[in-house]
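Trainee: I am new to this structure and would be grateful for a close look at a single part of it. Would you please start from one residue and work outwards?

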Amino acid sequence: MRLVAFGAGYVGLVTGTGMAELGHEVLCVDIDPEKIQRLNDGVVPIYEPGLTDLIRRNERSGRLHFSVEVTPPFDEADVYFIAVGTPPTDDGGADVRAVMAAADQIARTAKRKALVAIKSTVPVGTCDAVQERVNRANVALEVVSNPEFLKEGAAVSDFFRPDRIILGARTEDARQILRRLYAPLQLSGERLVVTDPRSSELVKYASNTMLAMRVSFMNELSRLCHVTGADIHAVRLGVGSDSRIGKRFLYAGPGYGGSCFPKDVQALAHLGKAHGVSMRLAEATHAANQEQAAFVIQLVEEALGSVSGKRVALWGLAFKPETDDVRESPALKLARALVEHGATVVGHDPEASATFARAFDDKMNGKVTVVDREYDALDGADALVLLTEWRSYRAPNFAEIKRRLRGVRPLVVDGRNIWAPRDVESEGLRYQGIGVPRQAASRKGD
Ligand SMILES: NC(=O)c1ccc[n+]([C@@H]2O[C@H](COP(=O)([O-])OP(=O)(O)OC[C@H]3O[C@@H](n4cnc5c(N)ncnc54)[C@H](O)[C@@H]3O)[C@@H](O)[C@H]2O)c1
């Protein structure tokens, strides 16, 4: 088939490239000329494991193209994917203007009957609104919902081995085309959910909010552990061993971040409000996440006395491992709070240092810096805070950390609970985990 993907970001680039790899002829369109120029020069603008090789291979084969607009023969495409951003509005809703702009471009340029598949995360009813818009075109365009579930850091393997695919379409014709498109991935049974567009749109928000809710619940429990002396490790193991609950997404930490959970949880609450249905769990999930970020700041401040004039090293700036995405990352929130309270921050991340540095304006310049080697972040710092569990941070040299940090018994905050407290403390460092009380911390691993 001939396909167009609007938006050459994490979703559009992976979808377009994955579809080219399956043998389709694909054009990725983005309004950002710099991004398109870089892609045409062979530079991939995001870090996503396996993506660069796949892009190069498909470009070489002539199946994958990049442009700022739809050019022939792609004005005669079979399917137009919309994978543009839907950022939060000031009141927590989803801003769908880019989706509408892409739809208008499709309506203007499409020269034959086609599907418009919305991959962007959009509020219930958006497909119907887009359908009305594209009905003005000279050709028949049917709008379908096909929400994206890729995980940044594993997006390429998620494309080829998805947990499920959700197809929301009103006509049998559209369903057949979508089934054919995804047939090479060999999904069957309940892993291929074929439904109407509104249900499909809601599946995406419901999934992200459910996952965020689990994380927020564990984070609240970690705060309860902190004051009661219970150990969140044991609570997680005990709770997660119930097969009805399961073990995943039960890790306490500095709060969830990224470009999806924070905005999607708020958008679900907003959607409920707009329809007179209170989404209390979504609202509480968001509030608990904000409180967790404040809790991490409080941990650092309590342990250091005051942070004013202090220097704090951060390991892990991306919102999770294996990505360079720092949108809503715990490191951004902590760095901003520390600087506001008079500290300086020096960060390290295997992939996200550049995106992190770009996120700070001139006012913060000099107060937030990044380094290429993780141990260099420690020189003269008063504390180390680990915020992203990259593999390369899992077995550090604690003696080296002690040597580089300042003070008699410097502070190490393990924001992801990945280190054995005894390993840290035996080198003369102070350990602070999330919901791992000090006395329990000393016992763990004995
Ligand atoms: N990133 C994820 O992990 C993920 C996962 C599932 C779903 N989603 C959803 O997918 C959508 C895209 O997310 P993303 O992370 O890929 O965003 P992104 O910000 O990485 O990329 C969006 C791209 O769209 C481009 N764009 C904006 N308006 C355009 C237009 N009119 N025409 C063409 N291009 C345009 C932007 O320049 C940008 O390059 C969002 O709705 C998001 O919620 C994201």
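**From one residue to its surroundings**

Mentor: Asparagine 289 counts as buried because its relative accessibility is 4%; buried means under 20% relative accessible area, exposed over 50% and partly exposed in between, with a 1.4 Å probe and protein chains only. The model is predicted, so local features need pLDDT of at least 70 and side-chain atom pairs count only at pLDDT 80 or more, while totals for chains, interfaces and linings use all residues. Residues are numbered from 1 along each chain as its sequence is written, and side-chain values use heavy atoms, leaving out hydrogens and water.

Asparagine 289 belongs to helix H11, residues 280-304 (helices are DSSP runs of H or I of at least four residues, strands runs of E of at least two, numbered from the N terminus). Leaving aside residues up to four places away in sequence, asparagine 289 touches Ser216, Gly255, Tyr256 and Lys333, a contact being heavy atoms within 4.5 Å.

One of these neighbours, tyrosine 256, leads to the aromatic rings. The structure holds 8 aromatic pairs. Tyrosine 256 and phenylalanine 261 form an edge-to-face pair, because their ring centres are 5.8 Å apart and their planes stand at 80°. Rings of Phe, Tyr and Trp (its six-membered ring) pair if their centres lie within 6.5 Å, and planes under 30 degrees apart count as stacked, over 60 as edge-to-face and the rest as tilted. Tyrosine 256 counts as buried at 6% relative accessibility, and phenylalanine 261 counts as buried at 14%. Phenylalanine 356 and phenylalanine 360 also make an edge-to-face pair, since their centres are 5.0 Å apart and their planes at 70°; both of these residues are buried. In addition, ring pairs join Trp315, Tyr375, Tyr393, Phe398 and Trp419 into a cluster.

Further out, the ligand has 27 residues around it, of which Asp30, Lys35, Thr86, Glu152 and Lys263 come nearest; a residue is near if one of its heavy atoms lies within 4 Å. A ligand oxygen atom is 2.6 Å from a side-chain N or O atom of aspartate 30, and a distance of 2.6 Å likewise separates a ligand oxygen atom from a side-chain N or O atom of threonine 86. For lysine 263, a side-chain N or O atom is again 2.6 Å from an oxygen atom of the ligand.

How values were computed. A polar contact is a pair of N or O atoms within 3.5 Å; within protein, one must be able to donate a hydrogen and the other to accept it, and residues adjacent in sequence count only if both atoms are side-chain atoms.
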